[in-house]
Amino acid sequence: GYDAGQVAAYLSAEHGIGVRDGRFCAHPLLHKLGGTAVRASIGLGTSRADVERLIAAVAELVTDGPRWDYAKSDGFWNPVPETRDFESAGRNGCPPCV
């Protein structure tokens, strides 16, 4: 019952988990299915604990819903009210490279 972008925003904002949302070069299929999808990529550096944390975060969303409110603005989902401090984070809201 959630938009893929809202799920991605929830995972990022509430759990610090980065995923992709969209159509991933499968535009005809996802159009036929009626929307977009969420993709979590797993690589060599991904641990069992990382996967379990993702599963727990999705389970929490399904059972309890998000703790924050979210709204779509300019095509992107974000927490409302936005409380993250992007101004001091550096260029384009990204923290400086260390």
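Which residues make up the largest nonpolar core? Keep that question in mind as you open your viewer, and remember that the model on your screen is a predicted one.

**Stop 1: the core**

Select Val7, Ala8, Ala9, Tyr10, Leu11, Ala13, Ile17, Val19, Leu54, Ala57, Leu61 and Tyr70, and show their side chains: these 12 residues are the largest nonpolar core. Now colour by element. Helices α1 and α3 (48-64) each put in at least two residues of this core, and α1 is the top contributor, with six.

**Stop 2: His15**

Stay with α1 and click on His15, which sits in that helix. Is His15 buried or exposed? Its relative accessible area is 18%, and buried means under 20%, so His15 counts as buried.

Next, show the side chain of Tyr10, a residue you already picked as part of the core. The side chains of His15 and Tyr10 make a polar contact at 2.9 Å. To see who else is around, skip the neighbours within four places in sequence: His15 is then in contact with Tyr10, Arg53, Ala57, Glu60 and Arg67. Ala57 is on the core list as well.

**Stop 3: the largest pocket**

Switch on a surface and select Gly5, Ala9, Asp21, Phe76 and Trp77. Out of the 20 residues lining the largest pocket, these five lie nearest its centre. The pocket has a volume of about 390 Å³. Elements giving two or more residues to its lining are α1 (4-15), β1 (20-22) and β4 (76-80).

Which element gives the largest share of that lining? It's α1 again, with five residues. If you colour the lining by class, you'll get nine nonpolar, seven polar and four charged residues. Ala9 is worth a second click: Ala9 belongs to the core and is also among the residues nearest the centre of this pocket.

**Stop 4: the second largest pocket**

Now select Ile17, Gly18, Val19, Ala40, Ser41, Ile42, Thr46, Asp50, Val51, Arg53 and Leu54, which line the second largest pocket. The space in there comes to about 160 Å³. Its lining splits into six nonpolar, three polar and two charged residues. You've met some of these names before: Ile17, Val19 and Leu54 are in the core, and Arg53 is in contact with His15.

**Stop 5: two residues with positive phi**

Go to Cys25, in the loop between β1 and α2 (27-33). Cys25 isn't a glycine, yet its phi is positive, at about 60°. With a relative accessible area of 78%, Cys25 is exposed.

Then jump to Asp74, in the loop between β3 (69-73) and β4. Asp74 isn't a glycine either, and its phi is positive too, at about 55°. Exposed means over 50%, so Asp74, at 74% relative accessibility, counts as exposed.

**Stop 6: two prolines**

Carry on into strand β4 and pick Pro79. Pro79 is buried, with a relative accessible area of 4%. Try the distance tool between the C-alpha atoms of Pro79 and Asp69: these residues are 10 apart in sequence and 5.7 Å apart in space.

Finish at Pro81, in the segment after β4. What is the peptide bond from Val80 to Pro81 like, cis or trans? Turn on the backbone atoms and check omega: the angle is near 0°, and the bond is cis.

Technical notes: Residues numbered from 1 in each chain as written. Predicted model: local features only at pLDDT ≥ 70, side-chain atom pairs only at ≥ 80, totals over all residues. Heavy atoms only, no water. 1 Å grid on protein atoms, 1.4 Å probe; cavity = no way out; pocket = protein on both sides within 12 Å on 5 of 7 lines; lining within 4 Å. Points joined across faces, edges and corners; volume = space filled by probe spheres on them. Helix = DSSP H or I, 4+ residues; strand = E, 2+ residues; numbered from the N terminus. Nonpolar A, V, L, I, M, F, W, Y, C, P; charged D, E, K, R; others polar. Core = buried A, V, L, I, M, F, W, Y, C linked by side-chain atoms within 4.5 Å. Buried < 20%, exposed > 50% of the residue type's maximum accessible area, 1.4 Å probe, protein only. Polar contact = N/O pair within 3.5 Å; in protein donor to acceptor, adjacent residues only side chain to side chain. Contact = heavy atoms within 4.5 Å.
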